[in-house]
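Please keep the model open in your viewer and make each selection as it is named. The stops follow one another from a strand to its surroundings, then on to the partner chain and the contact.

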Amino acid sequence: MLSVENLRSRYGRIEVLHGVDLQVRSGEIVTVVGANGAGKTTLLRCISGVQPISGGNLVFKGEPLQGMPAHRRVALGLAQSPEGRQIFTSLSVEENLRLGAYLFADARVDTDMAEAFAMFPILREKRNLAAGGLSGGQQQMLAISRALMARPACLLLDEPSMGLAPILVAQIMDVIRNLKTLGVTVLLVEQNAYAALRIADRGYVMETGRVTMQGTAEELIADERIRAAYLGV
Amino acid sequence: MTELLQYLVSGTTVGAAYALVALGFTIIYNASDVVNFAQGEFVMLGGMVTFFAWQAGVPLPLAALLAIVAAAVIGVLLNKLAIERAGAAPVVSLIIITIGASIFLRGGAQLVFDKQLHRFPGFSGDEPMNVGGVTILPQGLWVVAVAVMVFVLLYVFFTRTLTGKAILATANNRVAAKLVGINTDYMMSLSFALSAAIGALAGILMTPISLTSYDLGVPFALKGFAAAMLGGMGVPVGALVGGLLLGLIEALTAGLVSSTYKDAVAFIVILVVLFWMPQGLFGRKSMERV
């Protein structure tokens, strides 16, 4: 469904992705784990089209993504819940969700919003409040819900567990696992490698702009080096 | 008493025009956090293009429409050729670009048109009406009515339509806006076009009352900016109230103190707002979790 080949990207003169290869097949949950600064967020930003690439190929559902503006990639079914909960702080919770479905104006927008509220009841309670006033965890829920409003075929999630209490991490991971049953393909970028690998089918390990290991989630969880470097056991 | 009423009437008229200019500031500010100091040049273009088209034999309503479209096109060009090219430049740089654009447009108007004062007749004649000793120009009623109408339309646009909210989202977080599928370049162009058209409208409406010339943009930009600051930058209702208030204060100063100080009012308002209430009358308190 999504294929990344030899992807390179730079900030100014400094190259941060040195040729990344990655495949996401339809219906999978694929996770990219790695330390801070490994280039995971840059990878997602390149796939979404908000970060220029300097080499390599990106193909989604058979269509090359190079040169395609970000908003057209969303129309193709590629939605991202960005790192740091980049929500629209000055707009209400409900307006944030409505804008998630910016490309649509049919009855499904309402049912999708009802589903988002069912998934995270706290958002329904605060639907008319400015999103900037939500707590960190609530903003994370809003960012994920907003991305789902775009009816993605493939959802890109950037650090959904960042800064959250363990119980919230578990809740969000449950939600992601449930997406699979809804037919949504997920590419999950996480520093919390253990939480991510537990729900993923396959995983990639990134270090300083390169993929250094890949395999099924079970293989990675069982790997001694991974356990030492990322799982803290 | 009649005198005071007269000041109120003329203050409301001028204030409505300031409100329109301030609404123009509001739109671009809402889309991009940029204060567009070329806003006054759109006011100038509205009056000048209408006058020269009208003089060339185009019927007045058509000439006015032509001027609005011309201003909107120039607004879009300003965004495409100057603002968009600047890419990820900080807001201050973008504001400086608009100051440059304003000088360029003023110089261009001086070359393309001329340096004379111009006027065309009011939409409903120039015969003043006398209401209880107070003189009201029919054109003044046009200015106020159009300002209120534009305000209502903008209010509905920004609070009830998805496109309006997409403009707000673009301003609030450009990257997130792209990630939900908003074409942010288009939203910027749209807001420049809207803002320029409203500025031109103000210029067209005011020309029968206060004449137009190539250098009219600076005072209008300054006063529209003061009005927008007074009401609270980025808030449509603030622009309307700020504009009307500024017009009234100006008219009362001219009438009760001295017309010499009339133009100082806008500066004093800017200073007072900056010192004591930087959010303006209706400004949003910025609330953000870090």
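Begin by selecting Cys154(A), which stands opposite Thr185(A) in strand S8 of chain A; the model is a predicted one, in which local features need pLDDT of at least 70, side-chain atom pairs count only at pLDDT 80 or more, and totals for chains, interfaces and linings use all residues. Residues are numbered from 1 along each chain as its sequence is written, while chains are lettered from A and ligands numbered from 1 in the order in which they are written. Helices (H or I, at least four residues) and strands (E, at least two) are DSSP runs, numbered from the N terminus, and two strands pair if DSSP finds at least two bridges between them.

**Strand S7 of chain A and its neighbours**

Extend the selection to S7(A), residues 154-158, which five bridges join to S8(A), residues 185-190, the two running parallel. On adding strand S6 of chain A, residues 78-81, you will find four bridges to S7(A), again with a parallel run, and here Leu78(A) has Cys154(A) as its bridge partner. Five of the five residues of S7(A) are buried, so this strand is largely enclosed by the rest of the structure; a residue is buried if 20 or more other C-beta atoms lie within 10 Å of its own, exposed if 12 or fewer, and partly exposed in between, with C-beta atoms placed from the backbone. Both faces are covered, with Cys154(A), Leu156(A) and Asp158(A) buried on one side and Leu155(A) and Leu157(A) buried on the other.

**Val205(A)**

Next select Val205(A), found in strand S9 (residues 202-207) of chain A, which is buried because 24 other C-beta atoms lie within 10 Å. Leaving aside residues up to four places away in sequence, Val205(A) touches Val33(A), Gly34(A), Val211(A), Thr212(A), Met213(A) and Ile226(A), where contact requires C-beta atoms, placed from the backbone, to lie within 7 Å. Tyr230(A) is 25 residues from Val205(A) in sequence, and their C-alpha atoms are 9.5 Å apart in space.

**The open sheet of chain A**

Now show the four strands that form an open, antiparallel sheet in the order S2-S1-S4-S5 (chain A). Its edge strands, each pairing on one side only, are S2 (14-24) and S5 (63-64) of chain A. Between S1(A), residues 2-11, and S2(A) there are eight bridges in an antiparallel run, and Arg8(A) stands opposite His18(A) there. In the loop between S4 (55-60) and S5 of chain A, select Lys61(A), whose phi is near 50 degrees, a positive value in a residue other than glycine. Lys61(A) is partly exposed, with 14 other C-beta atoms within 10 Å.

**Chain B**

Move to chain B, which has 11 helices and two strands, following one another from the N terminus as α-α-α-α-β-β-α-α-α-α-α-α-α. Its C-alpha trace spans about 60 × 45 × 35 Å along the principal axes, and 52% of its 290 residues count as buried.

Select helix H3 of chain B, residues 60-83: its 24 residues, at 1.5 Å a residue, should span 34 Å, and the end C-alpha atoms are 33 Å apart, which agrees (the expected span is 1.5 Å times one less than the number of residues). Its buried residues include Ala63(B), Ala67(B), Ala71(B), Gly75(B) and Asn79(B), and the cover over the buried residues includes helices H2 (39-55), H4 (91-112) and H8 (184-210) of chain B.

In the largest nonpolar core, of 168 residues, those with the most contacts inside it are Ala19(B), Leu20(B), Leu45(B), Ala67(B), Ala71(B) and Ala200(B); such a core is a set of buried Ala, Val, Leu, Ile, Met, Phe, Trp, Tyr and Cys residues joined through C-beta atoms within 7 Å. H8(B) supplies the largest share of this core, 15 residues. Centre the view on Ala200(B), whose contacts beyond four places in sequence are Phe42(B), Val43(B), Leu45(B), Gly46(B), Ala67(B), Ile68(B) and Ala71(B).

In the loop between H8 and H9 (217-231) of chain B lies Leu211(B), with a positive phi near 65 degrees. Leu211(B) is partly exposed, with 15 other C-beta atoms within 10 Å.

**Where the chains meet**

Finally, display the contact, which takes 25 residues from chain A and 18 residues from chain B. On the chain A side, the elements giving two or more residues are helices H2 (70-76), H3 (93-100) and H6 (136-149) of chain A, and H2(A) gives the most, with four residues.

Notes
Two residues are in contact if their C-beta atoms, placed from the backbone, lie within 7 Å.
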